[in-house]
Amino acid sequence: MNSLKGHIKNVQVNGSLSLVTIELSDQSLFKAIIIETPETVSYLTAGHLVKVLFKETEVIIGKDTEQKISLQNRLKGEITHIERGLLLSNILINTPAGDISSIITTNAVDQLGLEEALSVCAMVKTNEIMLSE
């Protein structure tokens with residue numbers, strides 16, 4: 001499980017859903033859509049420190065940092081280690097917000113030509129982010 005720390009910057013509420021904007025330690029912004037509101041969870045307030053959690057299998061890797069796609073959560077970083085398996089590979093990426101791990105198919109590693117010291121963009125869908133105090 002990937003874990004980054006940040007402070008809540010903004011919370012938008014619609015019914016029982018909240019779109020939470022978190023400013024990470026490197027000042028980049030991550031967004032999470034959660035089934036909680038400031039009325040149901042006390043820590044959903046601006047300025048509150050939270051952990052941003054997401055699974056390794058939810059991290060998408062791109063070589064071009066300027067992809068025109070709907071993924072809003074993006075961190076630029078450098079690959080520091082690749083653990084290749086027969087079917088799946090674990091990619092460790094050093095970002096200014098902290099190290100994150102991505103598990104993708106080994107076939108995708110080969111197709112993208114991923115290797116250590118390569119600059120990449122790690123992306124996570126907004127609905128795949130969990131928050132914790």
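The exercises below, each with a worked solution, treat strand pairing, side-chain pairs and surface exposure in one predicted model.

Residues are numbered from 1 along each chain as its sequence is written, and side-chain values use heavy atoms, with hydrogens and water left out. Since the model is predicted, local features need pLDDT of at least 70 and side-chain atom pairs count only at pLDDT 80 or more, whereas totals for chains, interfaces and linings use all residues.

**Exercise 1. Strand pairing around S1**

Task: Determine which residues stand opposite Leu4 and Gly6, and describe how S1 and S2 are connected.

Solution: Start from the terms: strands (E, at least two residues) and helices (H or I, at least four) are DSSP runs numbered from the N terminus, and two strands pair if DSSP finds at least two bridges between them. Strand S1 (residues 2–14) is antiparallel to strand S4 (residues 49–54), with six bridges between them, and in this pairing Leu4 stands opposite Val52. With strand S2 (residues 17–24), S1 also pairs in the antiparallel sense, here over eight bridges, and Gly6 has Leu24 as its bridge partner. Finally, the link between S1 and S2 is a hairpin with two residues between the strands, and Gly15 in the turn has a positive phi of about 65 degrees.

**Exercise 2. The hairpin of S7 and S8**

Task: Find how many bridges join S7 to S8, and which residue stands opposite Asn90.

Solution: Strand S7 (residues 88–95) and strand S8 (residues 98–105) run antiparallel and are joined by eight bridges. Within this pairing, Asn90 faces Ile103 in S8, and the connection from S7 to S8 is a hairpin through two residues.

**Exercise 3. The salt bridge**

Task: Identify the side chains that meet in a salt bridge, and state how exposed Asp110 is.

Solution: Apply the criterion first, namely a side-chain nitrogen of Lys or Arg within 4 Å of a carboxyl oxygen of Asp or Glu; the count by this rule is one. The side chains concerned are those of Asp110 and Arg84, at 2.8 Å from N to O. This pair links distant parts of the chain, for Asp110 lies in helix H1 (residues 106–112) and Arg84 in strand S6 (residues 73–84), 26 residues apart. As for exposure, Asp110 has a relative accessible area of 46% and is therefore partly exposed, a class that lies between buried (under 20%) and exposed (over 50%), with a 1.4 Å probe and protein chains only.

**Exercise 4. The aromatic pair**

Task: Classify the geometry of the pair formed by Phe30 and Phe54, and decide whether Phe30 is buried or exposed.

Solution: Rings of Phe, Tyr and Trp (its six-membered ring) pair if their centres lie within 6.5 Å, and planes under 30 degrees apart count as stacked, over 60 as edge-to-face and the rest as tilted. The structure holds one such pair: Phe30 and Phe54 lie 6.0 Å apart, centre to centre, with 35 degrees between the planes, and the pair is tilted. It links distant parts of the chain, Phe30 in strand S3 (residues 29–34) and Phe54 in strand S4, 24 residues apart. Phe30 is buried, because its relative accessible area is 1%, and Phe54 at 0% is buried as well.

**Exercise 5. The surroundings of Lys55**

Task: Locate Lys55 and name the residues that it touches.

Solution: Lys55 is in the loop between S4 and strand S5 (59–62), and a relative accessible area of 44% makes Lys55 partly exposed. Taking contact as heavy atoms within 4.5 Å, Lys55 touches Met1 and Asn2, when residues up to four places away in sequence are not counted. Lys55 and Ile103 are 48 residues apart in sequence, yet 8.9 Å apart in space, C-alpha to C-alpha.
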